[in-house]
Amino acid sequence: MVKPTRVSNSIRSLRFAAGEMTQAELADRVHVTRQTVIAIEQGRYSPSLEMAFRIARVFGVSLDDVFQYPGEE
Amino acid sequence: MPFEEKFTWVSAVVTTGVAAVYFAIVLGQVPTVPVAQIAYQWPLLIAIGSLIVLTIVGAIVVAIGTAIGAQITGSGSVDDVGRHDERDADINRRGELIGYYVSSGGALGVLALAMLRFDPFWIANALYLSFVAGALAAAVAKLVAYRRGF
């Protein structure tokens with residue numbers, strides 16, 4: 001399946017580093033549906049800047065530690 | 001599956017089902033009865049009323065089913081019922097825009113029928129068909145966006 005967004009992320013590894021936090025727990029803390037967390041993790045949805053900041057704040061890291069965008073080659 | 005996606009399925013199924021029954025009843029008379037004599041008005045009003053009522057009932061059933069399913073399986077949460085986030089809003093906006101384009105295209109066809117002085121039977125049914133096509137296009141666009149992302 002072609003990923004609709006070029007934004008990649010480290011949410012999966014950050015969840016495991018945060019005591020194996022489940023997708024449902026993260027969804028509850030960011031106030032979104034679990035399916036939205038799944039879509040973001042799989043690169044099927046690019047969240048708004050505000051949601052991206054909320055996710056980063058849950059893990060206590062900077063935005064760059066959660067989301068990456070490839071440079072122009 | 002997000003609650004909003006389930007609701008989109010309900011909308012798509014109800015819209016298709018009601019339209020299929022309506023067109024089967026009304027258009028089924030076209031070969032044998034002159035269109036000016038076909039009483040389409042009440043069936044059309046009943047179809048529109050049924051669409052509204054069945055969509056509401058379907059949404060309630062889906063909400064209850066989601067809540068019960070969350071309790072039984074332990075996956076998901078009762079809080080998921082009615083939860084609506086920015087992704088749902090984005091998908092809804094894109095889907096409705098596509099539906100609007102399809103309905104607008106149909107409305108142009110209806111305008112042409114009126115200008116060419118077709119019987120009100122054809123004008124009314126073409127208008128209903130354009131609404132149905134718009135609603136289905138919106139639903140399909142939303143379901144594709146939920147499944148494949150955007």
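**Chat about helix 2 and its chain**

Me: What phi does His31(A) take, just after helix 2 of chain A?
Reply: This is a predicted model. In it, His31(A) has a positive phi of about 65°. His31(A) comes just after helix 2 of chain A.

Me: OK, back to the helix. Which residues of helix 2 in chain A are buried?
Reply: Helix 2 covers residues 23–30 of chain A. Leu26(A), Ala27(A) and Val30(A) are buried there.

Me: Why do the buried residues line one face of that helix?
Reply: Look down the axis of helix 2 of chain A. Its buried residues fall within an arc of 100°, so they line one face. There is a general reason behind such patterns. An α-helix has 3.6 residues a turn, so residues three or four places apart point the same way.

Me: What do those buried residues pack against?
Reply: Three helices of chain A: helix 1 (11–17), helix 3 (34–41) and helix 4 (49–59).

Me: Zooming out. How many helices and strands does chain A have?
Reply: Chain A has 5 helices and 2 strands. Along the sequence, the pattern is β-α-α-α-α-α-β.

Me: And why call chain A as compact as a globular protein of that length?
Reply: Its radius of gyration is 12 Å, and the globule rule gives 11 Å for 73 residues. Those values are close, so chain A is as compact as a globular protein of that length.

Me: How much of chain A is buried?
Reply: Buried residues make up 26% of its 73 residues.

Me: New topic. How many residues of chain B are in contact with chain A?
Reply: 12 residues of chain B, which meet 13 residues of chain A.

Me: What classes are on chain B's side?
Reply: The side touching chain A has 6 charged, 3 polar and 3 nonpolar residues.

Conventions
Residues are numbered from 1 along each chain as its sequence is written. Chains are lettered from A and ligands numbered from 1 in the order in which they are written. This is a predicted model: local features need pLDDT of at least 70, side-chain atom pairs count only at pLDDT 80 or more; totals for chains, interfaces and linings use all residues. Two residues are in contact if their C-beta atoms, placed from the backbone, lie within 7 Å. Ala, Val, Leu, Ile, Met, Phe, Trp, Tyr, Cys and Pro count as nonpolar, Asp, Glu, Lys and Arg as charged, and the others, Gly among them, as polar. A residue is buried if 20 or more other C-beta atoms lie within 10 Å of its own, exposed if 12 or fewer, and partly exposed in between; C-beta atoms are placed from the backbone. Helices (H or I, at least four residues) and strands (E, at least two) are DSSP runs, numbered from the N terminus. The arc is that of the directions from the helix axis to the C-beta atoms. The radius of gyration is taken over C-alpha atoms; the globule rule is 2.2 Å times the number of residues to the power 0.38.
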